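Subject: Handing over a structure, with notes

Dear colleague,

I am passing on a structure that I would like you to look through slowly, with the notes below beside you. Please open the sequence and the model first, and then read on.

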Amino acid sequence: MAAAGPIERVPWDSAVLGCEACELASAAPEILAQARTAGHYTVRVDPLADKRALHEHGFYYCDTLIEPYCAAGDFKPQPHPAAGASRETALEPLLAICRGEFQQGRFHRDFNVERARADRRYENWLRTLHAAGKVYALTWQEELAGFIAHEGGKLVLHAMGAKHRGRGFARHLWSAVCADLVRQGAPELSSSISATNLAALNLYVALGFRFRNPVDVYHRLIR
């Protein structure tokens, strides 16, 4: 298998951003210097790394991501009889929740990306995961309340609808999904969230998760 190059094209982002989208393997100055043709570039760096070269090459900060993780044996579920999780819900009601729900995402925080394009990126991701059978619909008293999409034991995309947000339901709904993934044999549960998303941080703490692998995300747009 060929080694990945220093700059890799990201076709799913290219499709919604309206330009070539690429990810850099590192923030080494010789790689940053290669990002010189028109397009949108992403690079992830250690939060404590020197950022001078990034700024010199026109990169700007967008987000800090952190990884909640929990060994299956350390998971602290908080079940509730009103909370449910199902893989059988149709796509359209989930898309209705998805639209506009990722304001803390790095593409929404990128001032060079139109809000509609950022929304479309998450909608397309949800469509792909739903088609693969990797989306749980979350219900509270049998009413659709949100969704969680996963890749194995990793929760890769999740949202709560406005009606059910901020009411203390999330820990019970997340418990239903995480418990099912543990029953299916996942040795570890994990996710990736913005460090600014305090509600999600507190949610994962309540369920027994710890945190690792913080990373700063920088973007650059060349027109």
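Is H40 buried or exposed? H40 is buried, with a relative accessible area of 2%, where buried means under 20% relative accessible area, exposed means over 50%, and partly exposed lies in between, with a 1.4 Å probe and protein chains only.

Before going further, please keep in mind that this is a predicted model, in which local features need pLDDT of at least 70 and side-chain atom pairs count only at pLDDT 80 or more, while totals for chains, interfaces and linings use all residues. Residues are numbered from 1 along each chain as its sequence is written, and side-chain values use heavy atoms, with hydrogens and water left out.

**Around H40**

H40 lies in strand 3 (39-45); helices (H or I, at least four residues) and strands (E, at least two) are DSSP runs, numbered from the N terminus. Leaving aside residues up to four places away in sequence, H40 touches a set of residues that includes L17, C19, Y60, F107, V113 and H219, a contact being heavy atoms within 4.5 Å.

H40 also helps to line the largest cavity, together with V10, D13, A21, C22, E23, T42 and F107. On a 1 Å grid over the protein atoms alone, a cavity is a set of points where a 1.4 Å probe fits but cannot get out, whereas a pocket is an open set with protein on both sides within 12 Å along at least five of seven lines, and lining residues have an atom within 4 Å of a point. The volume of this cavity is about 30 Å³, where grid points are joined across faces, edges and corners and a volume is the space filled by probe spheres set on the points. A search of the whole structure finds one cavity of 30 Å³ or more. Strand 2 (21-24) and strand 3 each supply at least two residues of the cavity lining, and strand 2 gives the most, with three residues.

**The pockets**

H40 appears again in the lining of the second largest pocket, where L17, C19, E114 and R117 are among the other residues. That pocket holds about 180 Å³ of space, and its lining has six nonpolar, three polar and three charged residues; here Ala, Val, Leu, Ile, Met, Phe, Trp, Tyr, Cys and Pro count as nonpolar, Asp, Glu, Lys and Arg as charged, and the others, Gly among them, as polar.

In the largest pocket lies about 1400 Å³ of space. Its lining is made by 47 residues, of which F102, H158, S192, I193 and N197 lie nearest its centre, and by class these divide into 21 nonpolar, 14 polar and 12 charged residues. Which strand gives the most to this lining? Strand 8 does, with seven residues.

**The nonpolar cores**

In soluble globular proteins, nonpolar side chains tend to be buried together. The largest nonpolar core in this model has 28 residues, and those with the most contacts inside it are F75, L155, L173, W174 and F209; such a core is a set of buried Ala, Val, Leu, Ile, Met, Phe, Trp, Tyr and Cys residues joined through side-chain atoms within 4.5 Å. Its largest share, six residues, comes from helix 6. F209 touches P68, Y69, C70, F75, C178, L189, S190 and Y204, not counting residues up to four places away in sequence. Apart from the largest core lies another, of 15 residues, among them F102, L126, V135 and A137.

**Cysteines**

The structure holds zero disulfides, a disulfide being a pair of cysteine sulfur atoms within 2.5 Å. The sulfur of C178 is 8.0 Å from the closest cysteine sulfur, in C70, which is too far for a bond. C70 is buried at 2% relative accessible area, and C178 is buried at 0%.

**Backbone and loops**

Most residues other than glycine have a negative phi, and most peptide bonds are trans. Q141, although it is not a glycine, has a positive phi of about 50°; Q141 sits in the loop between strand 6 and strand 7 and is exposed, with a relative accessible area of 64%. N213, which lies in strand 11, likewise has a positive phi, near 55°. G185, in the loop between helix 6 and strand 9, is exposed at 53%.

With kind regards
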